[in-house]
Structure formats: C-alpha cells, structure tokens
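This report walks through the fold of one protein chain, beginning with its interior and moving on to a sheet and the chain as a whole.

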Amino acid sequence: MSTDSIEGQADRLLLPSYARDDSSHPALDTPEYRSTSLRHPSEPLQRLPQNLTEVTGPVLGHERVSETDHDLTIQHEGEPLGERIVVSGRVLDSDGKPVPDTLVEAWQANAAGRYRHAGDRHPAPLDPNFSGVGRCMTDEHGRYRFVTIKPGAYPWRNHDNAWRPAHIHFSLFGRAFTQRLITQMYFPGDPLFHQDPIFNSVRDPKARERMICEFDLDSTIPEWALSYHFDIVLRGSRATPFENEEDDDDD
C-alpha cells in the first residue's frame with residue numbers, strides 16, 4: 001500500500017462524517033422549486049480545508065451589534081405600517097443546551113409583501129419606514145429577540161398563481177462567516193402552505209412543523225404587539241430544517 005493511500009485513509013478517519021438527512025432538510029435539487037435547477041451543484045462536492053483564514057476574523061461579538069439592531073420598527077424617523085409583532089426564542093444544540101453569543105440575522109418583506117431591494121418587482125408599495133433587516137446576539141441562555149412587522153404574502157413566478165406564505169428568514173453564524181446556517185420561519189395556520197414548494201421541499205411533515213412558530217401570549221406587549229416563539233435547533237432529531245445544510249465533510 002502506498003504512503004499516499006495510507007495518509008488518505010488517516011485523513012478520512014480524522015474527519016467528522018455526518019449523513020445528510022434529506023427528509024428533514026430541503027434537497028439541493030427540488031424540481032417543484034424551479035430555480036434550484038440553476039443553483040444546486042452539478043459536479044461532485046469537494047471538501048474545502050478550514051485554514052486559519054476561514055476560521056478567524058472578522059470577530060463576531062456583542063461590540064459589533066448595537067442595542068437597537070434587533071428592533072426593525074425604530075430604524076427610521078417614522079413608524080412602519082403593519083401589525084407589530086415580537087419574535088423570540090432560543091438557539092439550542094442537539095442536546096437541548098443553549099448556544100450563547102451567536103449572531104442571528106433576520107430579513108423579511110414588509111406588511112404588503114415587498115422586499116426593499118432592486119430585484120423585487122412586486123407592484124406592492126414600499127414602506128419608507130421599514131428596511132426589513134435586523135440582527136442580534138444570543139444571550140448566555142441562548143435567547144434572541146426581534147421586534148418587527150408581520151410580513152405579507154407575495155406572488156412569485158414559480159408556477160401558476162404562485163404565492164409565498166408569510167415568512168421571516170433567519171441566518172445564524174458560528175465563530176466565523178464561513179460557518180453559517182439559513183432557515184425560514186412561518187406563521188401558524190397559513191392557507192398557502194400546501195402550494196409552497198419551498199416549505200414542502202422538507203419532506204417530513206414533522207420537520208416542516210419545526211419551521212412554524214407558535215403564538216406566545218405570555219410575551220406579548222399589552223396594547224402594542226403580539227408575540228411568537230421560535231426555537232432554532234442546530235442538530236439532532238429536533239433540528240430546524242436549514243436551506244444550506246450539507247454533509248460536514250463536503251463543506
């Protein structure tokens with residue numbers, strides 16, 4: 001046996017290996033979600049080594065996030081239009097332990113179902129007092145909290161009379177920008193679930209339920225905002241489905 005093959009086997013033994021759970025996470029190529037045909041890899045995935053550049057800097061920490069970055073309703077001089085809501089929860093590991101000091105980002109459409117970027121051509125009004133983006137750090141108990149406006153549904157040209165359910169995008173960073181997971185949070189009882197190929201790209205119905213937040217009366221702000229609870233679980237049988245979940249040895 002050659003030295004190269006021995007070293008190759010040793011490398012493989014040292015690498016963590018996780019089987020991709022295609023029932024809990026969206027398939028990279030989902031025909032019903034038409035744009036995945038242009039986005040999914042067409043060649044075998046290659047493992048990229050995590051060198052010093054990939055695992056260090058820029059540093060993610062509390063000093064880079066202001067106290068008001070989590071509140072999307074106070075980013076402009078005027079108040080945004082729509083139903084004010086609070087979205088809060090915890091970031092947990094596979095054992096149910098809290099994950100502190102994690103950068104959580106959120107972005108969404110406004111109450112009329114329109115994003116504030118040039119690529120959104122939906123003829124719904126833009127809100128000059130709503131940008132639709134926010135961020136925060138989890139505390140020592142893994143808790144995060146956003147104050148925002150409930151997003152509206154919007155049409156998209158995926159299939160005939162296609163509408164996306166109301167949702168909020170979440171992005172979680174690890175120790176560096178190369179360690180990032182993305183998911184979407186939906187609202188209970190949405191009538192558009194059945195015809196949304198992104199939501200249904202998660203095959204396991206129980207896993208899909210983990211993308212739906214829960215109404216939380218206890219954390220509402222009386223006479224000001226309703227509240228929803230949404231825990232984000234990174235791994236394990238209760239893991240939140242992520243859009244970019246890959247085999248760890250193919251990162």
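## Cores, sheet and overall make-up

In this predicted model, the largest nonpolar core has 23 residues, and those with the most contacts inside it are Y144, F146, F170, M185, F187 and I232. Two or more residues of this core come from each of the elements β1 (84-92), β2, β4 (143-149) and β7 (167-173). A second core, separate from the largest one, has ten residues, W156, Y186, F193 and V202 among them. In soluble globular proteins, nonpolar side chains tend to be buried together.

The surroundings of F146 can be followed in detail: with neighbours within four places in sequence left aside, its contacts include I85, V86 and V87, then V104, E105 and A106, as well as G134, R135, C136 and F170.

An open sheet is formed by four strands in the order β3-β2-β7-β8, with antiparallel pairing. Because β3 (133-137) and β8 (180-186) stand at the edges with a single partner strand each, one side of each is left without a neighbour in the sheet. From one strand to the next the twist averages 20°. Strand β2 (residues 103-107) is joined to β3 by five bridges, the two running antiparallel, and A106 stands opposite G134 in β3.

The protein chain contains five helices and eleven strands, and its overall values are listed below.

| Property of the protein chain | Value |
|---|---|
| Residues counted as buried | 41% of 251 residues |
| Contacts joining residues at least 24 apart, among those at least 6 apart in sequence | 69% |
| Accessible surface | about 14,600 Å² |
| Share of that surface belonging to carbon and sulfur atoms | 53% |

Methods:
Residues are numbered from 1 along each chain as its sequence is written. This is a predicted model: local features need pLDDT of at least 70, side-chain atom pairs count only at pLDDT 80 or more; totals for chains, interfaces and linings use all residues. Side-chain values use heavy atoms; hydrogens and water are left out. Two strands pair if DSSP finds at least two bridges between them. Axes are lines fitted to C-alpha atoms, for helices over the stretch in contact, and angles run from 0 to 180 degrees between N-to-C directions. A nonpolar core is a set of buried Ala, Val, Leu, Ile, Met, Phe, Trp, Tyr and Cys residues joined through side-chain atoms within 4.5 Å. Buried means under 20% relative accessible area, exposed over 50%, partly exposed in between (1.4 Å probe, protein chains only). Contact means heavy atoms within 4.5 Å. Accessible areas come from the Shrake-Rupley method with a 1.4 Å probe; for residues, only the protein chains shown count as cover.
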